[in-house]
Amino acid sequence: MTTQQDVLPPAGRLPSDSARTVLFTLTGPDRPGVTTAVFGVLIRSGVEVLDVEQVVVRGHLTLSVLVTAGQDESGMILAVRMAGSDLGLSVSGEPGTGDNSKRRRNRLAVTLLGAPLLPSAVAGVTGRIAGHGANIDRIRRISRFPVTTIELDVSGGDGETLRRELAAEAMAHGADLAVSPAGLARRGRRVVVMDVDSTLIQDEVIELLAAHAGPEAEQRVAAVTERAMRGELDFAQSLHERVACLAGLPESVLGEVYAAVRLTRGARTLVRTMRRLGLTVGVVSGGFAEVVEPLARDLGITHVLANRLEIADGRLTGRVLGDVVDRAGKAAALRRFAELEGLPLSRTVAIGDGANDLDMLAAAGLGVAFNAKPVVREQADTSLSVPYLDAVLYLLGIPRSEIEDADEALDDTTRDDTTGDNTTGGTR
């Protein structure tokens with residue numbers, strides 16, 4: 001009599017490419033016990049399991065199982081079909097040879113997101129992937145609210161070429177896209193460094209300060225900003241000229257401005273989730289430490305660098321202390337934060353919106369242009385045009401469901417800030 005032990009190959013040996021196999025695909029309404037029933041039938045056939053994939057979309061199950069053929073291939077196929085029929089499932093059994101799921105090379109994670117995500121964007125991106133001879137091995141949804149995000153596991157493609165072409169294709173359809181190395185490269189510790197004004201917060205702090213100095217100061221600050229945007233002044237020059245407009249303001253104004261600052265939607269969720277994952281968060285700003293430091297403290301941000309205002313006799317003097325945190329200074333801060341954490345630059349993520357952030361975005365392992373000006377979007381590794389800062393998590397492969405599960409598991413009473421009120425007072 002033939003026993004199951006006689007049928008199975010010796011432990012540690014893989015079936016040859018010429019060995020007979022059967023691929024079963026079962027589809028239909030999901031219910032508890034489907035997988036158990038299918039594998040219960042296979043137990044009686046004395047076969048070896050080579051591969052399993054299962055996905056459920058809106059209650060519809062697709063289960064694929066690759067097994068060795070065994071001694072009674074036709075009987076096994078009939079038995080699985082009958083079991084599937086009893087469960088209300090459609091079953092196909094396709095005989096073949098070998099396990100063709102070879103180890104994939106040049107694996108990439110392609111993240112596509114939009115609000116809304118249109119079929120044209122998916123078709124355009126997947127068409128470009130196919131046009132380069134790359135293969136989409138798996139697709140999964142990362143988030144459904146407030147943006148829809150899907151992640152494509154791609155093999156056989158050149159990362160740099162695909163990044164450029166796919167980003168342009170996605171942008172043409174109103175979507176955002178990122179291409180990252182897959183596998184271990186996406187896991188582990190990172191340092192995430194953000195700009196502050198118009199990135200972590202919705203405001204420009206110097207404009208809020210100028211509003212306290214009166215209409216004339218506001219107009220002078222706006223005029224200097226316009227000259228800087230035209231290229232007539234570099235950042236340091238423009239900062240000194242704008243800060244000079246604040247001379248005489250009482251120091252107490254700084255607290256009032258901090259209380260009025262509005263966090264970008266999703267900022268609390270982003271920082272909170274990164275800290276839970278063991279990622280280090282830093283901020284670097286061409287703004288002012290008097291506002292940035294309490295903001296970082298309230299959010300639990302580890303590293304901080306910003307300009308410091310000179311204050312004498314309880315009033316702003318209109319001068320900045322020390323070296324200005326400019327474009328080069330931001331990139332240097334990113335490098336210093338990474339060094340302090342003992343991590344290479346490849347393990348850093350930088351997020352910013354302006355030309356002053358370009359060196360930092362270029363130096364980081366992943367540079368993210370957040371609601372940025374066109375020149376920044378063009379030069380960054382990837383960009384986000386949605387107004388939700390926590391969408392950065394999806395670019396790192398972190399699903400929305402896991403973020404929400406973590407909040408529930410820890411009984412976090414902090415309201416999700418993706419669509420709510422975001423004044424800094426809400427963080428305290």
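These exercises walk through the helices, sheets and packing of a predicted model.

**Exercise 1. The chain as a whole**

Task: State how many helices and strands the chain has, and what share of its residues is buried.

Solution:
- Start with the elements. The chain holds 16 helices and 15 strands.
- Turn to burial. Of the chain's 428 residues, 46% count as buried.
- Finish with contacts. Take those with a separation of 6 or more: residues 24 or more positions apart account for 68% of them.

**Exercise 2. The sheet of 4 strands**

Task: Give the strand order of the open sheet of 4 strands, and find its edges.

Solution:
- Read the order. The sheet runs S6-S7-S5-S8, and its pairing is antiparallel.
- Look for strands with a single partner. These are strand S6 (135-143) and S8, so one side of each has no neighbour in the sheet.
- Check the twist. On average, neighbouring strands of this sheet are turned by 20 degrees against each other, direction ignored.

**Exercise 3. Strand S8 and its surroundings**

Task: Describe how strand S8 pairs with S5, which helix lies across the two, and whether S8 is enclosed or open.

Solution:
- Begin with the pairing. Strand S5 (residues 108-114) and S8 are antiparallel partners over 6 bridges.
- Pick out residue pairs. Val110 faces Val179 in S8. Thr111 has Ala178 of S8 as its bridge partner.
- Add the helix. Helix H5 (residues 159-172) lies across S5 and S8, and runs at about 165 degrees to S8.
- Now judge burial. Strand S8 covers residues 176-181, and 5 of its 6 residues are buried, so S8 is largely enclosed by the rest of the structure.
- Put this beside the previous exercise. S8 stands at a sheet edge, yet S8 is largely enclosed.

**Exercise 4. The sheet of 7 strands**

Task: Work out the order, edges and pairing of the open sheet of 7 strands.

Solution:
- Read the order. The strands follow S12-S11-S10-S9-S13-S14-S15, with mixed pairing.
- Find the edges. Strand S12 (315-321) and strand S15 (382-384) each pair on one side only.
- Note the twist. Neighbouring strands here are turned by 25 degrees against each other on average, direction ignored.
- Zoom in on one pair. Strand S9 (residues 191-194) and strand S13 (residues 348-352) are parallel partners over 4 bridges. Within this pair, Met194 stands opposite Ile351 in S13.

**Exercise 5. Helices H6 and H7**

Task: Classify the crossing of helix H6 and helix H7, and list the residues that meet.

Solution:
- Take the geometry. The axes of H6 (residues 205-213) and H7 (residues 215-229) come within 6 Å and cross at roughly 150 degrees.
- Apply the cut-off. Angles over 145 degrees count as roughly antiparallel. H6 and H7 are therefore roughly antiparallel to each other.
- Give the hand. H6 passes H7 in a right-handed crossing.
- List the contact. From H6 come Ile206, Ala210, Ala211 and Ala213; from H7 come Ala217, Glu218 and Val221.
- Sort by class. The residues of this contact are 6 nonpolar, no polar and 1 charged.

**Exercise 6. Helices H9 and H11**

Task: Do the same for helix H9 and helix H11.

Solution:
- Take the geometry. H9 (residues 253-260) and H11 (residues 289-299) pack at an angle of about 45 degrees, with axes 9 Å apart.
- Name the class. H9 and H11 are therefore oblique to each other.
- Give the hand. H9 passes H11 in a right-handed crossing.
- List the contact. H9 brings Leu254, Val257 and Tyr258, while H11 brings Glu290, Val291, Pro294, Leu295 and Asp298.
- Sort by class. This contact of H9 with H11 has 6 nonpolar, no polar and 2 charged residues.

Terms used. Residues numbered from 1 in each chain as written. Predicted model: local features only at pLDDT ≥ 70, side-chain atom pairs only at ≥ 80, totals over all residues. Heavy atoms only, no water. Axes fitted to C-alpha atoms, helices over the stretch in contact; angles between N-to-C directions. Parallel < 35°, antiparallel > 145°, perpendicular 65-115°, else oblique. Left-handed = near helix turned anticlockwise from the far one by under 90°. Contact = heavy atoms within 4.5 Å. Nonpolar A, V, L, I, M, F, W, Y, C, P; charged D, E, K, R; others polar. Buried < 20%, exposed > 50% of the residue type's maximum accessible area, 1.4 Å probe, protein only. Pairing = 2+ DSSP bridges.
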